[in-house]
Amino acid sequence: MSTISYDESSRSWLIGLASSSYAFCVSDEGSLRHLHWGAPLGSGTVAALTRDCEGPALQRTRDLAWSKDAPDEYVGWGGMRYDEPTLKVTYADGDRGLDLSVAGHRIAEEDGAALLEIDLVDGDRLAVTLHYRAAHGFDVLERWATIRNTGVEEVDVRLAASASWWLPAYDGPWRLRYEHGGWGMEHRLGDVMLATPGKFTLESRRGMTGHQHTPWFTLDRDGAATEETGEVWSGQVAWSGSWKIVAERTAADRMHVAGGWNDFDLSYRLAVGQETALPVFAGLHTADGLGGASRAWHDWTRARVLPSIEVSESAPPRLRDAGPWRPVLYNSWEATAFDVTEEGQRALAERAAGIGVELFVVDDGWFPGRPSATGGLGDWRPDPQKFPNGLEPLIDRVHELGMGFGLWVEPEMVSRDSDLFRAHPDWAYRMGGREPVERRHQLMLNLARPDVADWVLETVDGLLARYDISFLKWDANRNIADAGWAGSDNPERLWVEHTRSLYRILDALRAAHPSVLIEGCAGGGARVDLGILGHVHQVSSSDNTEPSMRWDIHDGYSQAFPPGTTGTWVSDWPHYGLERPLPLAQRFHVAMAGALGVGGDLTRWSEEDLAEAAAHIERYKEIRPVVQGGRMHRHGEAWELVAADDSEVVVIAFWRDRPIGNHRPPVRLTGVDATARYRDDTSGTSYDGSLLREVGLTLPGADGFGFGSALLRLIKED
Ligand code: DGJ
């Protein structure tokens with residue numbers, strides 16, 4: 001149970017999480033002063049800490065920096081405050097300073113979590129409520145703020161981070177781990193040592209999360225944490241629009257990390273009485289290393305963030321068989337690109353059904369004006385030439401084959417060459433009279449406009465109501481540019497409202513069609529973050545399906561997100577990064593470490609390949625609860641996935657060339673029970689748990705050259 005307690009004598013709060021603590025107090029100056037984020041504290045210890053937080057340490061800060069950069073829980077810009085702030089506003093009279101003081105607090109219990117709300121006020125003009133939510137059984141603390149205009153004139157919010165996380169005082173270097181990348185190369189891990197004062201900024205200014213960085217980080221002292229050991233602090237901003245995370249080592253050598261909306265070009269005006277809630281900036285502390293941080297994120301995200309998967313009684317049999325897990329899907333994009341026809345899709349569906357696929361998805365190209373990427377976006381009805389009798393005959397056939405039917409849409413976009421654009425040219429983002437910039441021949445709809453967002457919702461809802469659809473792939477192949485909004489006196493709001501509208505639409509679609517599974521995609525992985533995972537059931541993390549590169553993408557994705565939540569396809573070659581004929585087994589094994597999909601042109605696969613594919617898919621169905629619901633231990637080339645009930649362990653491995661004679665060492669399985677025995681369900685070999693932990697498992701075929709892969713299932717013996 002998480003607990004939140006308040007000690008009146010020291011005016012301090014202590015939040016107790018599963019295996020960590022968080023504490024702060026009211027300082028002598030009346031502001032909120034951070035005290036502790038880390039290993040568990042005893043309940044009587046906070047009073048002593050409050051004494052420590054005043055006095056010499058703070059004095060030194062002032063002498064050195066001529067500033068007040070003490071660890072305030074929420075840093076309002078104003079006075080002698082020069083470190084990274086969390087809030088900056090402009091009042092109507094031009095006043096731009098903030099002096100936030102504590103006005104009250106509430107502790108409550110809600111929906112399996114302990115809640116704390118602290119009210120801060122800047123006189124009678126602005127109120128800020130800081131929210132803390134600690135779900136029972138986890139180490140993740142959710143923090144966000146609500147900003148309310150309590151004055152008599154408009155307030156312009158120019159910078160509003162959700163939280164600032166203060167790390168323990170430490171004179172040595174902090175290692176910051178983060179992700180960088182681009183299209184087809186998402187989730188690459190990077191790190192930087194923050195040893196001296198300065199800032200490191202991660203951000204997106206694109207109106208979308210972006211391929212370039214993930215709103216996630218870890219920090220550890222000296223870079224000493226390993227996969228399984230050491231203290232790690234980690235955070236994630238739950239926001240799919242422009243975001244920013246600033247890790248700052250202050251002049252006083254204190255580390256803090258502010259994060260939330262990006263303030264670049266931000267101006268969010270609050271009318272009198274109006275309030276706005278900032279996205280969650282979640283954080284966790286673990287003593288179990290980098291892998292421990294990932295497992296903590298995975299468990300919490302599955303339990304508290306992801307929408308549950310609901311299968312209706314009337315769903316096609318294969319979807320019912322998949323139950324609460326993400327189904328094995330076939331997607332026609334790589335096979336046909338825009339050349340989608342009823343006949344061609346039928347042929348693919350029949351092959352897909354033959355290998356055990358559970359869900360058949362028609363991708364881009366099914367609507368009119370879409371012989372290529374040059375047009376059609378916005379006209380969400382079947383192309384009468386490609387589907388002379390509508391989509392129904394194909395859907396019926398897919399159902400006859402026992403599979404669910406899925407459809408691709410890209411509803412935030414519009415092509416110039418579309419009926420929608422001809423009717424509503426003003427719906428696309430544009431700056432004044434300037435011609436908007438096209439990307440992939442498309443413009444972006446101003447979803448911040450309620451009328452445009454309503455149209456998008458009605459249109460997609462109409463598709464789901466009209467056709468028997470079990471899966472919606474929601475794609476987005478460009479970012480916001482030309483961020484103008486004709487007729488609005490506060491166009492900068494679009495940076496926030498676009499994403500809010502997107503979330504509102506997705507939530508309304510899920511509420512109206514609870515058994516439709518939604519996949520978030522943005523040219524592969526440009527919208528992968530904790531925010532979107534609260535509104536869709538799975539995401540695409542990349543278009544790159546080349547096993548060696550995808551293994552790295554998996555690795556990066558798994559730092560923050562549960563591995564089975566990313567759709568991953570088995571592709572033909574040559575395709576994108578897949579430039580060499582890697583065996584089907586390697587392509588399957590890597591895809592089986594995610595939510596398995598098949599993307600190759602099945603009409604060209606040999607009978608032998610189809611039979612092998614069927615065996616892999618059968619195998620995936622057996623291990624699926626462990627991949628999608630288990631605990632992951634990363635061992636570089638191998639992933640160890642332990643069933644939630646500990647009944648089995650799945651090992652999936654992919655390795656690359658190694659120099660002659662350099663055989664792979666056995667993989668030490670750190671998640672197995674040392675006192676149990678495990679039986680390989682294929683070879684029948686029985687292993688002692690302590691040997692698997694201490695000596696390791698030698699992967700089959702691991703002494704050869706070149707790329708290789710393996711998948712083993714070890715069942716715990718009674
Ligand atoms: C980008 C996606 O990532 C692909 O899977 C595919 O859906 C294309 N868009 C279609 O335009």
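Is R81 buried or exposed? Let's start there. R81 is buried, with a relative accessible area of 2%; buried here means under 20%, exposed means over 50%, and partly exposed is in between, using a 1.4 Å probe and protein chains only. R81 sits in the loop between α2 (56-65) and β5 (87-91). Those labels come from DSSP runs numbered from the N terminus, with helices being H or I of at least four residues and strands being E of at least two. The R81 side chain also makes a polar contact with the side chain of D72, at 2.9 Å. A polar contact is a pair of N or O atoms within 3.5 Å; within protein, one has to be able to donate a hydrogen and the other to accept it, and residues adjacent in sequence count only if both atoms are side-chain atoms.

Okay, some ground rules. This is a predicted model, where local features need pLDDT of at least 70 and side-chain atom pairs count only at pLDDT 80 or more, while totals for chains, interfaces and linings use all residues. Residues are numbered from 1 along each chain as its sequence is written, and side-chain values use heavy atoms, with hydrogens and water left out.

Compare R81 with R580. R580 is partly exposed, at 41% relative accessible area, and lies in the loop between β29 and α12 (584-591).

Next, the ligand. There are 13 residues around the ligand, and D363, D364, K473, D475 and D543 come nearest; a residue counts as near if one of its heavy atoms lies within 4 Å. By class, that shell has four nonpolar, three polar and six charged residues. For the classes, Ala, Val, Leu, Ile, Met, Phe, Trp, Tyr, Cys and Pro are nonpolar, Asp, Glu, Lys and Arg are charged, and the others, Gly among them, are polar. An N or O atom in the D543 side chain is 2.5 Å from a ligand oxygen, and a polar side-chain atom of R440 is 2.8 Å from a ligand oxygen. The side chain of N477 has an N or O atom 3.4 Å from a ligand nitrogen. Taken alone, the ligand exposes 290 Å², and the protein buries 97% of that; the areas come from the Shrake-Rupley method with a 1.4 Å probe, and for residues only the protein chains shown count as cover.

Now, the empty spaces. On a 1 Å grid over the protein atoms alone, a cavity is a set of points where a 1.4 Å probe fits but cannot get out; a pocket is an open set with protein on both sides within 12 Å along at least five of seven lines, and lining residues have an atom within 4 Å of a point. Points are joined across faces, edges and corners, and a volume is the space filled by probe spheres set on them.

How many cavities of 30 Å³ or more does that rule give? Eight. The largest holds about 110 Å³. It is lined by 13 residues, with K473, S540, S542, D543 and W569 nearest its centre. So K473 and D543 turn up again. We met both of those names at the ligand as well. That lining divides into four nonpolar, four polar and five charged residues.

Last, the largest pocket, with about 540 Å³ of space. Its lining has 20 residues, and R133, E142, A238, V280 and H535 are closest to its centre. α3 gives the largest share of that lining, three residues.
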